[in-house]
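Good morning, colleagues. I should like to take you through one structure, beginning with its overall make-up and ending with its charged pairs.

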Amino acid sequence: MNISQSSTLIHPPGSYSLGTKWMQTDPQGREVLPTGRDYLNLYQDVNYMVYTGDQGVTDQQIFDGASPSFYLDLSSLSSSNTAYWSRPASSPQFTLIGQSVGSIFLGLEALTEFVPGVYIDSMGYAFTLPVLKYLGVCHVASYVHYPTISTDMLSVVRERNPRFNNADYISNNLFLSAVKFVYYCLLALLYGLAGSCSDVVIVNSSWTLNHILTLWRVTKRTCLVYPPSNTHTFLQLPLDEDSDRKCHSIVSIGQFRPEKDHRLQIHTGLVAGPGGRESMRLVLIGGCRNQEDEDRELKRELGEATVGLHTMWNEHFGIGVVECMATGTVILDHRSGGPRLDIVVPYEGGQTGFLAEDEDGYADAIERILALSPSARLEIRRHARLSVTRFSDQEFEACFLATMEPLIWTLAR
């Protein structure tokens, strides 16, 4: 998304402040957080444009999808012809550097379509930032969901640890591991230089924050804003004791990709609980035909589930984890990444879930959860549900808008 003309933001990590123009009051005179509509009313002369690589859809279809969600009257949209070169399929080997170089061409094409005053990258194309900043003379900002390369990725290669993104034939070969480590170090250096061009850096979790501070080294321009999790539907489900359940469901939500580690979930589910294996049911939920199917399936399965299971190592945030907690399941997550630092943490002095690292740890945690009394589980579920208010749409809007305010305010002067 791009806007027109701006300035620079200096904020310490994890903080934001609302200027006097943002102070809103309800009919009772109480202060409330601003919304996207308030933002648009304040800056009515700012024009918005979306750069997109979507193919096979019309501009009107994209407008119709974006306008209700973001309250935007999009003035124009630019479709990319070079977006393919920024996708994994364009570089089967050396994928990261191939995508990064491809995104540079994407940035150049964007400039030929429209030169904005403010350019905001929300897709993770850090190498477009210097292109837009120095060739387009734009102010640039980033909302980083997942770093292109992280210090954890460097550690995996250096320690020759086989994972989904470090094949066995490389981890078992000292020479190939050394070459890949040098390649990753070079890419990390270039990624850091590109990212440091950003005037405003927003990250979606403490885990992402730590990596971006290490690689981009722009502490004073970086802040943490949790992504929005629309949990309204899930919060409507009743939250009662589950004492009458003869079979406990363990539900996992996530795309079927290698890094989600569904194999660990299946192995964990094979371990018998206190009432025997017949007392448990493992449900894996991946993709659906459309949003209606997804909402229907999630609401039914999570409403009947006892445990919400998540096994991805170093998940940057975890929207599915928040959804599980909102429905009232007892979450069991990996002891890493955003879930460990931001989500499955004590809230108002109460426990919100469980963490584990390996097959034995997950199995033990499931046994502990199922061995709890229904009232003890209910207490954990209540604290978990209360804690997800931190990730509401309104919280995201207020924090994001306050963070971007110095850039947009300059445009409106």
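I shall start with how the values were obtained and then turn to the chain itself.

This is a predicted model, in which local features need pLDDT of at least 70 and side-chain atom pairs count only at pLDDT 80 or more, while totals for chains, interfaces and linings use all residues. Residues are numbered from 1 along each chain as its sequence is written, and side-chain values use heavy atoms, with hydrogens and water left out.

Let me turn to the overall picture. The chain has 16 helices and 14 strands; these are DSSP runs, H or I of at least four residues for helices and E of at least two for strands, numbered from the N terminus. Of the 413 residues in the chain, 50% are buried, where buried means under 20% relative accessible area, exposed over 50%, and partly exposed in between, with a 1.4 Å probe and protein chains only. The chain exposes about 20000 Å², and carbon and sulfur atoms supply 54% of that area, as computed by the Shrake-Rupley method with a 1.4 Å probe. Among contacts with a separation of 6 or more, 69% join residues 24 or more positions apart, a contact being heavy atoms within 4.5 Å.

As one example of a helix, consider α3, residues 95-113. Its 19 residues should span 27 Å at 1.5 Å a residue, and the end C-alpha atoms are indeed 27 Å apart; the expected span is 1.5 Å times one less than the number of residues. The buried residues of α3 include Leu96, Gly98, Leu106 and Leu111.

Next, the aromatic residues. A pair of aromatic rings is described by the distance of the centres and the angle of the planes. The structure holds 9 aromatic pairs, with rings of Phe, Tyr and Trp (its six-membered ring) pairing if their centres lie within 6.5 Å; planes under 30 degrees apart count as stacked, over 60 as edge-to-face and the rest as tilted. The rings of Tyr183 and Tyr184 are tilted because their planes meet at 50°, with the centres 5.6 Å apart. Both of these tyrosines, Tyr183 and Tyr184, are buried. Phe396 and Phe400, by contrast, are stacked, at 5.5 Å centre to centre and 25° between the planes. These two phenylalanines are 4 residues apart in helix α16 (residues 393-412), so about one helical turn separates them. Both Phe396 and Phe400 are buried, and ring pairs link them with Tyr143 into a cluster.

What does a search for disulfides find? It finds 0 in the whole structure, a disulfide being a pair of cysteine sulfur atoms within 2.5 Å. The sulfur of Cys223 has its closest cysteine sulfur in Cys399, 8.7 Å away, which is too far for a bond. Cys223 is buried, at 1% relative accessible area.

Finally, the salt bridges. There are 6 in the structure, each a side-chain nitrogen of Lys or Arg within 4 Å of a carboxyl oxygen of Asp or Glu. In one of them, Glu315 and Lys260 bring their closest N and O atoms to 2.8 Å. That pair links distant parts of the chain, 55 residues apart. Glu315 is buried at 6% relative accessibility, and Lys260 is buried at 12%. Glu301 and Arg300 meet at 3.6 Å, N to O, and a network of salt bridges links both with Arg281.
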